[in-house]
Amino acid sequence: MNERVAIVGVGWSGFRPTTPDVSYKELMYEAAVRAYEDAGVDPRSDVDSFVTVAEDFHEGTSIFDEYTPDQMGAVLKSMHTIPGDGLHGLATAYMMVRTGHFDVVALEAHSKASNILTLPDVTAYAQDPVLNRPLRFNTHFVAGLEMNRYMYETGTTEEQCAHVVVKNKKNALKNSSAAYGADLTEDEVLDGPPLSWPLGKHETAEHADGAIVMVVASEEKAFQLSEKPVWILGTGWCNGSASLESREWGGIEYMSKAARMAYSQAGFSNPRGLIDFAEVDDIYAYKELQSLEALGFFAPGTAGPMTEEGFTQPDGLLPVNVSGGSLGVGYLLDATGLARALEVVLQLRGEAGSRQLEEVEVGLVQSWRGVPTTSGAVAILSN
Amino acid sequence: MGLRKVAVVGAGMTKFVRRAQETAKELTYHAAHQALQSCELVMDDIDGVCLGTAPDSFDGVHMKGEYLSDGAGAWGKPYIRSYVGGGTGVFAPIQGWYHVASGLFDVVLVVAEEKMSSYYPHAQAAFLTIFDHTTERPLKPNLLWIFALEMNRYMHTYGISKEDIARVSVLHKRNAVDHPAALLGNPDITVEDVLNSEVLAWPVQRYDVSPVSDGAVALVLAAEHVAKRLTDKPVWIEGVGWNLDTAYWTNRDLAYPRYVEYAARMAYDMANIKEPRKEIHIVEPYDPFDYKALHHLEGLQLAERGEAAQLYIDGVAERNGDMPVCPSGGLLGVGNPIAAAGLMKVAELFWQLRGEAGARQVPGQPRRGLAQAWGDLMQVGTVVVMGR
C-alpha cells in the first residue's frame, strides 16, 4: 500500500463562457498536455492508469467513456470513467494509488456547457421520472426551496447570501482564468432579477467551459517528479436521500458525513484552526454558507454573519473561494470540484499570482453535484 | 505496508427478464438485499457502495447513478458510480476492489443494474447516441451492424464457419437451463435452430445475439480480516485488469481484441499467473454474441488466435470439460441487462468456486476462475481473476 499520495502536476484550459474555437477533446488535450508537462511525465510510458469524470447527458453521448482515451494519451491503457464530480474522480485516483498497484494516475474533468442548447431541460431530467417530472420542476426552483428552508431554519438573511456573491465575484477579478469576475454591491445583487424567490439570478453561478487534468502519484514517485508535491491528507464523500420528498431541506448532513470521513483520514477532529483556507461549493450563493456550516467551520446560522464581518475574505481568518468560486470562475458542471481543487493546489504551491494567500499549509475542497442530488465530496490537501 | 487482499463474501441477483415490472431502483434494491442476506450482513455493516450501470439513456434519467442511489443502499454512505460501457459489469467489482484495497473501506457493496425495457419501442435506439456525432451518427449505425462487421472480419480472417460459431450459442443456452434467474435457457436448441433463425444483420442471426433484458446483481466485498470473520469460504479477487482502446474503432483490425489481451495480462500479472490455460479452471468470457465468446477466449490467451471454436468442438468448453466456458449460461442464455450481466459472471464464479452453483456446479472443485466483459465501440476489456 502507498499510504501517502500527492498531486504532482496540474494543467487546465479555460475557463470561458463559450469556446466555439475548440471541441471538448481539444479542451481536454490542452489541459492534459499542460498537466503532463507540469508533472514531467509521458502519458504513454509513465502513467499507470487514467480516470475521467463525465455524465452522458452533459456530453450528448451515451457511454461517453468511449471518447476519452485519445486526447489523454491513454489509448490501450487502463482507463475508466466516473459519472460524478471531479472530487469523486480525485478520490478514485487517491484510492487507486493507495492500493499499491498504481504509482501514477492521471485524472481529468471538463465542461462544455456552451454546447448544450437545452441545459435546463437536461438538468431537469435528473429528477425522478415518475414522482417529480410530471410536476415540471425547474432546477432553480428546487434550489430556491432549499434556500428558503435553510434561511428559515438558521436565520440567515438574503443580505448575507448576497454578500457571498459580492465577495466571490470580486475575488474572481484577480483570477485570470475566471470568466465572471465583477465588482458588485450587495444592493445590486439583491435588486437583480429573481429566479425562484428568495433565489436571485446573481446568486446563481453562470456556466463556463474548461478542462482540468491532474497527475496523482505515490510518495516515492512524488518526490522523484515534483519539488512541490501537494499531499492528499484525506478524501470523503457521501450521498443523502435521492428523493426530494424524504430529504431534510435545511441541513446537509451528507456533507457533514463526507467531511468527517476526510477529517478522520487527515487525523483532524475539527477543521477550525487546522485548515487555513477553503474552496467550497457556491453554485448558488447560499450553498457557500450552508456548506461552511456542514463542514464544521461555523455553527448553524453563523456563517452568514461571519461572512458579513469579513471572516471569509482573502485577508480574513478563513479565506473562502479566493479563486472566485463557481460564482466568479463559472459553473463547470462535473469539473466543478476539480476547479476548486486546482485553486487549492496553486495556493499551496505558491503559484496563485496576485491572489496568493500568505503562509498557507492546509486547504479544504468541497463540492456538491447540484440539484436534485444529495451527493457531496470533500478533500483536504497540504503542501 | 503490504498489499491488502480483497474477498467476495456475498452475492445476489434478480431474475433476468425481458420487461421487469419493478422500477430500476427496485431492481437494485432486490439484488443488494439478497447479497446482504447471503452473508448475513445489514446495511449498517456496509462502509461504502459502488454502482455500475451503463448509459443513462436507457432510463432517460440524467445522473442515473444519483437516481439509483437509495435503491442501491447508498443512503448516508460514500457512493461512486463507474462505467466503461458494456465492460461496466466486470468493472464494478474492480471499483469495489480498489475501494477496499486502498485501506479506506473494509466492507463494500457492489451493485450493477440495467433496465433496458424502459426504452420504447426498443433499447437498440439508445445506442444511436454512442457514435461519433460528426463522423458516424449521420449514417445511423446500430450495434448489430457494427458487430456484424466484426463477426464477418473474424470469420474471414481465420476461416471460421457459422456452424462452429453457432455451437457457442447452443452450449450457453443449454447451460442456462440450470440457472434459476435465466431468461433464455433452452435444453433442446440445436446448431440448425441457430442457423435457421431470423437474419438480423448478416452474419448475425437472432440466436447469435443475447436478448434485451432487465435485471440487477450485487456483491459484497470485504477486506481480509473481515472476510475471514464472515465466512469460511471467501473467494479472493486475485487479479484485476482493464484496458481502453482508441475511440476511432474504424482504424482497428477487428479480427483480434488487443485491448482484451492487455486487460488480461494486467490481471494475470497481478494474480501471478504464468500459464493461463493451465491455471484458469472456469472462464466466463463476455458473450453478448456467440462469436464474441470465441473472440474473447483468444484475447484472454485461453486459445490460439482463430482456434477458440475448437474448445467447443472438442467439448473442452462444456460444464464437465477441461475448461468450462460460461457454465452460468452466459449472456446468450441468462440474459443481457448490460452492466448486471457482467456482474452476473463474477457472481457465477463466486458460486462455482464455493461449490454453491447447484445444478450448474462444475465438477472437480475448481480453484480459480476468470470473468471478462467488453464494451464501448469494440474498445474496452475488463477482467477479474478470482480464486479460493
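Chain B comes out with a mean pLDDT of 96, and 100% of its residues reach 70 or more. Those are confidence values, since what is shown here is a predicted model. For the complex, the predictor reports an ipTM of 0.97 and a pTM of 0.97.

Turning to chain A, the chain splits into two domains, and neither is a single run of sequence: domain 1 covers 5–118 + 208–230, while domain 2 covers 125–204 + 233–382. The C-alpha centres of these two domains of chain A sit 23 Å apart. Where they meet, domain 1 of chain A puts in 31 residues and domain 2 of chain A puts in 28. On the domain 1 side of chain A, the elements giving two or more residues are strands E1 (5–16), E4 (104–112) and E7 (209–218), along with helices H3 (56–59) and H5 (86–98). H5(A) has the largest share of that side, with seven residues. As for character, this side of domain 1 of chain A is made up of 19 nonpolar, eight polar and four charged residues.

Then there is the contact between the chains. Chain A brings 52 residues to it and chain B brings 55. On the chain A side, at least two residues come from each of H3, helix H4 (69–72), strand E3 (78–82), H5, helix H6 (119–124), strand E8 (230–239) and helix H11 (253–266). H3 and H5 of chain A thus turn up here as well as on the side of domain 1 that touches domain 2. The chain A side of the contact with chain B holds 22 nonpolar, 19 polar and eleven charged residues.

Now for the inside. The largest nonpolar core has 274 residues, and those touching the most other members are Val105(A), Ile212(A), Val215(A), Val216(A), Val111(B), Leu219(B) and Val384(B). Helix H13 (residues 338–354) of chain B is the top contributor to this core, with eleven residues. Both domains of chain A take part too, each with at least three residues in this core.

Val216(A) offers a look at one of these spots. Setting aside its neighbours within four places in sequence, Val216(A) is in contact with Val5(A), Ile7(A), Ala93(A), Tyr94(A), Val97(A), Val105(A) and Leu107(A). Val105(A), one of these partners, is itself listed among the residues that touch the most other members of the largest core. Apart from that core there is another, of five residues, including Phe58(B), Met116(B), Ala123(B) and Ala126(B).

Note on methods: Residues are numbered from 1 along each chain as its sequence is written. Chains are lettered from A and ligands numbered from 1 in the order in which they are written. This is a predicted model: local features need pLDDT of at least 70, side-chain atom pairs count only at pLDDT 80 or more; totals for chains, interfaces and linings use all residues. Domain bounds come from an automatic or database domain assignment. Two residues are in contact if their C-beta atoms, placed from the backbone, lie within 7 Å. Helices (H or I, at least four residues) and strands (E, at least two) are DSSP runs, numbered from the N terminus. Ala, Val, Leu, Ile, Met, Phe, Trp, Tyr, Cys and Pro count as nonpolar, Asp, Glu, Lys and Arg as charged, and the others, Gly among them, as polar. pLDDT is the predictor's confidence in each residue, from 0 to 100. A nonpolar core is a set of buried Ala, Val, Leu, Ile, Met, Phe, Trp, Tyr and Cys residues joined through C-beta atoms within 7 Å. A residue is buried if 20 or more other C-beta atoms lie within 10 Å of its own, exposed if 12 or fewer, and partly exposed in between; C-beta atoms are placed from the backbone.
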